[in-house]
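Here are some exercises to work through with the model open beside you. Try each task before you read its solution.

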Amino acid sequence: MLGEFEYMLITVAAGLGENAYGAAIREEFDKGAGRKCSIGALYTTIERLERKGMLRTWMGEATAQRGGRAKRMVRVTPKGMHAAKEFYEAMMRVSRNASWAAGKPERAS
Amino acid sequence: MSPLAEMAAILISPEDRDAVLGDLAEAGAGGWSVLGSLLGLVLRQQMELWREWQPWVAGSMAFAGSLLLLCVSFGLSVDSRQLLRDEGEYGSVVCEALLMLAWAWTSGFMVVSLSGKTRWASCILCAIPCLSCVVRFHDASLPRVCVLLFLVPAVAGAVHAVRRARLSRRTALTLAVAMTALMAVWGGMYQRNWFFFVPAGWLVFHAERSNRPRQEISA
C-alpha cells in the first residue's frame with residue numbers, strides 16, 4: 001500500500017496531467033495540502049515510485065524561466081492509478097464512522 | 001547560484017541535476033535555500049539507498065573481508081621473507097600470493113557491484129581495520145604496509161565493477177574453480193578461508209545474471 005506522501009504525489013501528478021513536472025507538482029502540493037514539499041522529498045519519492053512502476057519520467061523541454069534547464073516530466077502509470085485508488089478507497093472506508101467524515105458532532109473517546 | 005551550492009550540485013546524479021536546479025530556479029529560490037535543498041536531496045537519496053539489503057551486505061563484506069585479508073597479507077609477507085632466507089617453499093608462497101590476489105579482487109568486485117552508490121561507506125568500513133592494523137603493527141623486519149598488500153587487487157576489482165565491465169560466465173566460473181583448487185593445493189581450506197567462497201559465488205551469480213537477456217531479467 002502507498003504511503004500518505006506517495007498518494008498525494010500521485011494524485012497531484014495525475015491532476016496536472018501533461019504538465020506534471022517537479023516545480024509544478026511542488027506548487028500544486030503547496031496549494032492543495034497547505035504544506036511545503038521539499039525538493040529532497042519530491043525527487044526521492046518520484047524515484048521510488050518509478051522503481052515500483054507507478055510513475056514514468058522523462059526529460060522534457062528547457063525554458064528561459066528555468067535558466068535553460070530541462071524539466072523532468074512525470075506521468076502516472078495505470079499501476080500508480082490503481083494503487084492511488086486503492087489507498088483512497090481504504091481511507092474512505094476507515095473514515096466512514098469518524099465524526100469529521102460522517103458529519104457527526106465531535107465526541108471525546 | 002553560490003559557489004557552495006554549485007559544489008553541492010555535483011553530488012547530485014547528472015540525470016537529476018538539470019531538473020532539480022531548473023525547479024529551484026523556477027521557484028525563485030536563491031542563496032542558502034538552494035544549498036539547503038540540494039544537501040537535503042543528497043541526504044535523502046543516500047538514506048533511501050540504505051533501505052535495501054545490498055549496502056548492508058556490501059559494507060559487512062568490506063569490513064569482514066578487509067579484516068581477513070589483512071591477516072592473509074601479513075601471512076604472505078612472513079612467508080615471502082622466509083622464502084628469501086631459503087626457509088620456505090616456493091610453490092606454497094606462489095599459491096598463497098595467487099589466492100590473495102584472487103580473494104582481494106573478487107571481494108572488491110563484489111562490494112562495488114553489489115552497491116556501487118554506497119561505495120564511500122564501504123571504503124570507510126574497509127579503512128577502519130586497515131588503519132587500526134597499520135598503527136598497531138610492530139615488526140622490525142617487515143614494513144607496516146606489508147599488511148596492506150591486498151589493497152591493490154581489491155581496488156582493481158572495485159574499479160572493474162565501477163566501469164560496469166562484464167565478466168563472461170566462463171571467466172567467472174574459471175576464477176571460482178581456480179580459487180577453490182588453489183585453496184585445496186595450498187591447504188588453505190580452513191575456517192576463515194571459507195568466507196572467500198562468498199565473493200567467488202557472487203562472481204558466478206553476477207556473471208550469470210548480467211549475461212542473461214534483458215527481458216528474462218525483468219520477467
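A residue is called buried if 20 or more other C-beta atoms lie within 10 Å of its own, exposed if 12 or fewer do, and partly exposed in between, with C-beta atoms placed from the backbone. Helices (H or I, at least four residues) and strands (E, at least two) are DSSP runs, numbered from the N terminus. The model is predicted, so local features need pLDDT of at least 70 and side-chain atom pairs count only at pLDDT 80 or more, while totals for chains, interfaces and linings use all residues. Residues are numbered from 1 along each chain as its sequence is written, and chains are lettered from A and ligands numbered from 1 in the order in which they are written.

**Exercise 1. Find which residues of α2(B) are buried, and what covers them.**

Step 1: Check the helix length. The expected span is 1.5 Å times one less than the number of residues. For the 13 residues of α2(B) that gives 18 Å, and the end C-alpha atoms are 19 Å apart, which agrees.

Step 2: List the buried positions. They are Asp18(B), Ala19(B), Val20(B), Leu21(B), Gly22(B), Asp23(B), Leu24(B), Ala25(B) and Glu26(B).

Step 3: Look for the cover, taking two residues as in contact if their C-beta atoms, placed from the backbone, lie within 7 Å. The cover includes α2 (22-33), α3 and β2 of chain A, together with α1 and α3 of chain B.

Step 4: Move past the helix end. Gly28(B) follows α2(B) and has a positive phi, near 75°.

**Exercise 2. Work out where the buried residues of α3(B) sit around its axis.**

Step 1: Helix α3 of chain B covers residues 32-49; its 18 residues should span 26 Å, and its end C-alpha atoms are indeed 26 Å apart.

Step 2: Val34(B), Leu35(B), Ser37(B), Leu38(B) and Leu41(B) are buried in α3(B). They lie on the same side of α3(B), because they cover an arc of only 170° around the axis; the arc is that of the directions from the helix axis to the C-beta atoms.

Step 3: Recall the general rule. An α-helix has 3.6 residues a turn, so residues three or four places apart point the same way.

Step 4: Turn to the other face. Exposed residues Trp32(B) and Met47(B) are carried on the face of α3(B) turned away from its buried side.

Step 5: Among the elements covering the buried residues of α3(B) are α3 (39-51) of chain A and, from chain B, α1 (3-10) and α2 (14-26).

**Exercise 3. Describe the side of chain B that touches chain A.**

Step 1: Chain B brings 18 residues to the contact and chain A brings 17 residues.

Step 2: On the chain B side, α2 and α3 each supply at least two residues. The most come from α2(B), with 10 residues.

Step 3: Sort that side by class: 8 nonpolar, 4 polar and 6 charged residues. Here Ala, Val, Leu, Ile, Met, Phe, Trp, Tyr, Cys and Pro count as nonpolar, Asp, Glu, Lys and Arg as charged, and the others, Gly among them, as polar.

**Exercise 4. Compare sequence and space separations for Tyr90(B) and Val185(B).**

Step 1: Tyr90(B) belongs to helix α5 (residues 90-114) of chain B. From Tyr90(B) to Glu15(B) there are 75 residues in sequence and 53 Å in space, C-alpha to C-alpha.

Step 2: Val185(B) belongs to helix α8 (residues 169-186) of chain B. Val185(B) and Glu96(B) are 89 residues apart in sequence, with 9.8 Å between their C-alpha atoms.
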